[in-house]
Each structure stands twice: as structure tokens, then as C-alpha cells.
Amino acid sequence: MAIKLIAIDMDGTLLNPQHLITPGVKSAIDRARQKGVSIVLATGRPFVGVQRYLMELDLQAGQYCISNNGALVQRAEDGECVAEVTLAFEDYLYIEQLARKLGVHFQAFDKSHLYTPNKNISEYTIHEASLTGIPVRYRSVEEMDREMRFPKLMMVDKADLLNAAVKRLPAYAKETYTVLKSAPYYLKILDRRVNKGQGVKMLAEKLGLRPDEVMAIGDQENDLAMIEYASTGVAMGNAIESVKNIAQFVTKTNMEDGVAHAIEELVL
């Protein structure tokens, strides 16, 4: 079957190391769209961190994106959710307490803000905010609204501290939530049902598409599920080995217009 939807990860995939979309990648995406292929950005970022790239690629009117690692499927033009799976305040309390016990920083997201209860705000929380543009709010646990829902929770810290914390995660946490890394210093905790594969699946079904009409491109652990879901799974040349091992195709790196190469070879 012809590819009718391409789900593309952002950091390390769509974007080069300078967090830019190169002219070659933009041209390939434009040509795929002209053929009637839906281009869907599927990212761990919140919607605010996706908007300017949607505008740059002219992927707004009538288009969709998948944010927060698959927790939210949103209309690209205004961020309105068409499907979502989120965590409750009880989950926030459990993961926040666990982060303190493990000695790492913690942050939580609603649809428009990043919240941290850490007075010594982590450099990685600041990095997340500067990268995506999401506003940061310091809120003690007691100040948080108990009715809030959270697309994702995160433990963030230096790679060695976070790796040590991962090794000490209790079985309950690993069994109850989707827990995965998107970078050496970011550990994401989501509803057990949530991953990029599920997000792509929800959108594909909404659009009446089958897995054999879907291509997914990614580079990190949090891209595994969508690469497994899509009949055409593509690993970036800079992808981790576990992604390359399950992909049907390995393209060039994000410094070599790998997304453009994959689209030209497999779609155009």
C-alpha cells in the first residue's frame, strides 16, 4: 500500500543538532504533502514547543500533531485535543515523592505549563523551557490544584544520577506507568497506555488509515512504539541501536537530511 501518513519525531530526527529544519527536509516534506500524504509531528514536547515548526512547515489548517509522547493528539491549528490519555493528581503525588526518595529533580506538565516543586530548579527544567517555550511555574505540592490532569510527569537530572534512579525504580512504578527516556537527562512517566505508537494509532484510526499506510521516523527509545506500529519503520542514522534493530529502513543522520532521504526513497 502507498504511504498516506508519515509520523516524524522532532529532536534528533526532524531537527538538526542546531534545532533547525534544513531546506532539504522542508522540501521533501512539501513534496510529500503535494502528493496527499499527511505529515504528523510526533514528539515528547508539549504543543507550545511544536507550534513554530508547524507554522514553518505549513502544517496547520486541517492537520494534526501528537504531543507529550502520545498522550495528546491535537489539531495543529489551535492545539485542541481530539484524543488524550492523562494522569491524575494521585499519580503526581506518587511520582513526586518517588523522585525525592531517589534524589532527582521532578517536573509535571499540564497542557500549557511546566510545574516544578523544586526550589532549586534543575538546569534541565530550564533547558526544557528554553527549548520548547513552555512557561515554568514553581508550585509546592500543597499549592497544586488537585483536579489537575497531567499528560506527562518527568524525572530530570544529570545522566549518572538519573541512571542510578532508574535502577532503583520500584516494580510498582514500572508496572503501573510507561517509563522511558527521551534523552540521557530526561525520564518520562506517562499513563501505561501512552506511547507514540498509541498516539499514531489513535490518529490513524480517526483518519481511516491502516498500519500499512503509515511510516514512522525516529531515533530514541520513546520512538520505538510508533516504529513498531507503522508497517514502514525508519531509524535515523544517529538512532540508538534498539531503534535501528526494529526498523525496516535506516536512513542518514539528522546532520545529513535523514528525514528527506527517507521520504525520497520510500514515498516520493
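Here is a friendly conversation about a predicted model, looking at its sheet, its helices, a ring pair and a hairpin.

Trainee: Which strands are the edge strands of the open sheet?

Mentor: Let's begin with the order of the sheet, which is β8-β7-β6-β9-β11-β10, with mixed pairing. An edge strand here pairs on one side only. That description fits β8 (136-138) and β10 (177-183).

Trainee: In which sense do β10 and β11 pair, parallel or antiparallel?

Mentor: In general, strands of a sheet pair through backbone hydrogen bonds, and either sense can occur. Here β11 covers residues 186-191, and 6 bridges join this strand to β10. One example to find is Lys181, whose bridge partner in β11 is Leu187. The sense of the pairing between β10 and β11 is antiparallel.

Trainee: Helix α4 and helix α5 both lie across β9, so at what angle does each run to β9?

Mentor: Take α4 (residues 89-102) to begin with: this helix lies across β6, β9, β10 and β11, and runs at about 5 degrees to β9. Helix α5 (residues 123-132) lies across β6, β7, β8, β9 and β11. For α5, the angle to β9 is about 130 degrees.

Trainee: How are α2 and α11 oriented to each other, roughly parallel or roughly antiparallel?

Mentor: Helix α2 (residues 23-34) packs on α11 (residues 258-266) at about 30 degrees, and the axes are 8 Å apart. Angles under 35 degrees count as roughly parallel. So α2 and α11 are roughly parallel.

Trainee: How many nonpolar residues does the contact of α2 with α11 have?

Mentor: Look at the residues that meet: from α2 they include Val25, Ala28 and Ile29, and from α11 they include Val259 and Ile263. By class, the contact has 2 charged residues and 1 polar residue. The nonpolar count is 7.

Trainee: Why is the pair of Tyr92 and Phe150 called stacked?

Mentor: The whole structure has 7 aromatic pairs, so there are several to look at. Tyr92 lies in α4 and Phe150 in the loop between β8 and β9, so their pair ties together parts 58 residues apart in sequence. The ring centres are 5.3 Å apart. Planes under 30 degrees apart count as stacked, and the planes of this pair are at 15 degrees.

Trainee: Which residue in the turn of the β4 and β5 hairpin has a positive phi?

Mentor: Strands β4 (residues 72-75) and β5 (residues 81-84) pair in the antiparallel sense over 3 bridges, and Leu72 has Glu84 as its bridge partner in β5. Between the two strands are 5 residues. The residue with a positive phi, about 80 degrees, is Gly79.

Methods:
Residues numbered from 1 in each chain as written. Predicted model: local features only at pLDDT ≥ 70, side-chain atom pairs only at ≥ 80, totals over all residues. Heavy atoms only, no water. Pairing = 2+ DSSP bridges. Helix = DSSP H or I, 4+ residues; strand = E, 2+ residues; numbered from the N terminus. Contact = heavy atoms within 4.5 Å. Axes fitted to C-alpha atoms, helices over the stretch in contact; angles between N-to-C directions. Parallel < 35°, antiparallel > 145°, perpendicular 65-115°, else oblique. Nonpolar A, V, L, I, M, F, W, Y, C, P; charged D, E, K, R; others polar. Phe/Tyr/Trp six-rings, centres within 6.5 Å; stacked < 30°, edge-to-face > 60°.
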